[in-house]
Amino acid sequence: MEKILDELKNDLEEIKNVQILSELKAKYLGKKGSISALSSKIKDMSAEEKKNFGATLNKIKNEAMSLIDSKRKEIEDEILNKKLENESIDISLPSTKVPVGAPNILEKIIEEIEELLISMGYDVVDGPEIEEDKYNFELLNIPKGHPARDAQDTFYLKNEEILLRSQTSPVQIRTMLKGKGQEPIRMICPGKTYRRDNDDATHSH
């Protein structure tokens with residue numbers, strides 16, 4: 001068994017590719033391989049001999065498998081290193097500029113307006129798009145029965161107390177309540193609103 005293992009070591013030194021390595025593995029560890037063939041000798045041994053021979057044979061098999069796996073990794077690493085060397089990229093070269101699109105025209109206009117008003121001391125304030133009736137109508141002095149409350153104009157959720165805001169004025173109400181009248185308010189609140197509008201020169205879904 002030691003002699004077979006030495007032969008395997010010598011053969012592995014000559015191996016240069018994975019395909020030949022697979023053939024070599026079959027030669028030693030395949031069903032009819034020289035190491036596997038040794039198992040046929042066990043039937044003619046005594047119980048004690050079988051025990052010792054079997055343990056030694058398993059040790060040789062494991063060592064042979066370890067040698068072959070190690071050689072496989074060596075070959076694969078060498079192939080990878082050659083590939084990396086041949087396909088290396090000089091990261092110091094200037095990259096190709098890839099266009100990444102442009103802002104939506106409406107978003108661009110909003111940004112320009114925000115920048116202008118911020119430079120004049122205004123704050124940009126945001127608020128919830130799902131709003132309470134209290135902020136969207138009542139605190140704006142729009143009483144019950146007002147035409148703006150018509151279900152065809154306002155999108156209510158579940159009941160008439162929760163809705164999709166029909167204007168951004170609720171943000172102003174919330175800001176004023178938060179300030180408690182203790183400081184001046186300079187603000188704009190651009191954002192989405194939800195209501196049934198007919199499209200015209202100044203309104204669009």
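Which residue just after H7 takes a positive phi? Lys180 does, with a phi of about 55 degrees. The close-ups below all come from a predicted model, and this one starts at H7.

**View 1. Helix H7 and what its buried side faces.**
Helix H7 covers residues 169-179 and follows a loop that comes out of strand S4 (159-164). Its buried residues are Ser169, Pro170, Val171, Ile173, Thr175 and Gly179. Those buried residues pack against S2, H6 and strand S5, the last of these being residues 187-188. Right after the helix sits Lys180, with its positive phi.

**View 2. Thr168, just ahead of H7.**
Thr168 belongs to the loop between strand S4 and helix H7. Is Thr168 buried or exposed? With a relative accessibility of 19%, Thr168 counts as buried, because the cut-off for buried is under 20%. The Thr168 side chain gets to 3.4 Å from the backbone oxygen of Cys189. Once neighbours within four places in sequence are set aside, Thr168 touches Cys189, Gly191 and Thr193.

**View 3. A salt bridge between strand S2 and helix H7.**
Here the side chains of Glu131 and Arg174 pair up in a salt bridge, 2.6 Å from N to O. This one ties together distant parts of the chain: Glu131 sits in strand S2 (residues 130-132), Arg174 in helix H7, and their positions lie 43 residues apart in the numbering. Glu131 is buried, at a relative accessible area of 2%. Arg174, on the other hand, is partly exposed at 29%.

**View 4. Glu161, Lys144 and a small salt-bridge network.**
Glu161 makes a salt bridge with Lys144, and their closest N and O atoms are 3.8 Å apart. Again the partners come from distant parts of the chain, 17 residues apart: Glu161 is in strand S4, and Lys144 is in the loop running between helix H6 (133-136) and strand S3 (156-157). Which residues are joined into one network with this pair? Asp133 comes in too, as salt bridges with shared partners link Asp133, Lys144 and Glu161. As for accessibility, Glu161 is partly exposed at 40%, while Lys144 is exposed at 51%.

**View 5. A salt bridge within helix H4.**
The model holds 7 salt bridges, and this view shows the one between the side chains of Asp77 and Lys73, at 2.9 Å from N to O. Asp77 and Lys73 are 4 residues apart in helix H4, so about one helical turn separates them. An α-helix has 3.6 residues a turn, so residues three or four places apart point the same way. Asp77 is partly exposed, with a relative accessible area of 31%.

**View 6. H1 against H2.**
Helix H1 (residues 2-14) and helix H2 (residues 18-29) pack with their axes 11 Å apart, at an angle of about 170 degrees. The two helices are therefore roughly antiparallel. From H1, the contact uses Ile4, Glu7, Leu8, Asp11 and Leu12; from H2, Leu21, Leu24, Lys27 and Tyr28. By class, that gives 6 nonpolar residues, no polar ones and 3 charged.

**View 7. H2 against H4.**
The axes of H2 and H4 lie 10 Å apart, and the angle is about 175 degrees. That makes this pair roughly antiparallel as well. On the H2 side you'll find Val18, Leu21, Ser22, Lys25 and Leu29, which meet Lys61, Ala64, Met65, Ile68, Lys71, Arg72, Ile75 and Glu76 of H4. The contact has 7 nonpolar, 1 polar and 5 charged residues.

**View 8. H1 against H4.**
Are H1 and H4 roughly parallel or roughly antiparallel? Their axes are 11 Å apart and the angle is about 5 degrees, which makes H1 roughly parallel to H4. Glu2, Leu5, Leu8, Lys9, Leu12 and Glu13 in H1 meet up with Ile60, Glu63, Ala64, Leu67, Ile68 and Lys71 in H4. The contact counts 7 nonpolar and 5 charged residues, with no polar ones.

**View 9. Pro94, out in a loop.**
Pro94 sits in the loop between helix H4 (47-86) and helix H5 (105-119). At 73% relative accessibility, Pro94 counts as exposed. Pro94 and Gly33 are 61 residues apart in sequence, and their C-alpha atoms are 56 Å apart in space.

Definitions and conventions:
Residues numbered from 1 in each chain as written. Predicted model: local features only at pLDDT ≥ 70, side-chain atom pairs only at ≥ 80, totals over all residues. Heavy atoms only, no water. Buried < 20%, exposed > 50% of the residue type's maximum accessible area, 1.4 Å probe, protein only. Polar contact = N/O pair within 3.5 Å; in protein donor to acceptor, adjacent residues only side chain to side chain. Contact = heavy atoms within 4.5 Å. Axes fitted to C-alpha atoms, helices over the stretch in contact; angles between N-to-C directions. Parallel < 35°, antiparallel > 145°, perpendicular 65-115°, else oblique. Nonpolar A, V, L, I, M, F, W, Y, C, P; charged D, E, K, R; others polar. Salt bridge = Lys/Arg side-chain N within 4 Å of Asp/Glu carboxyl O.
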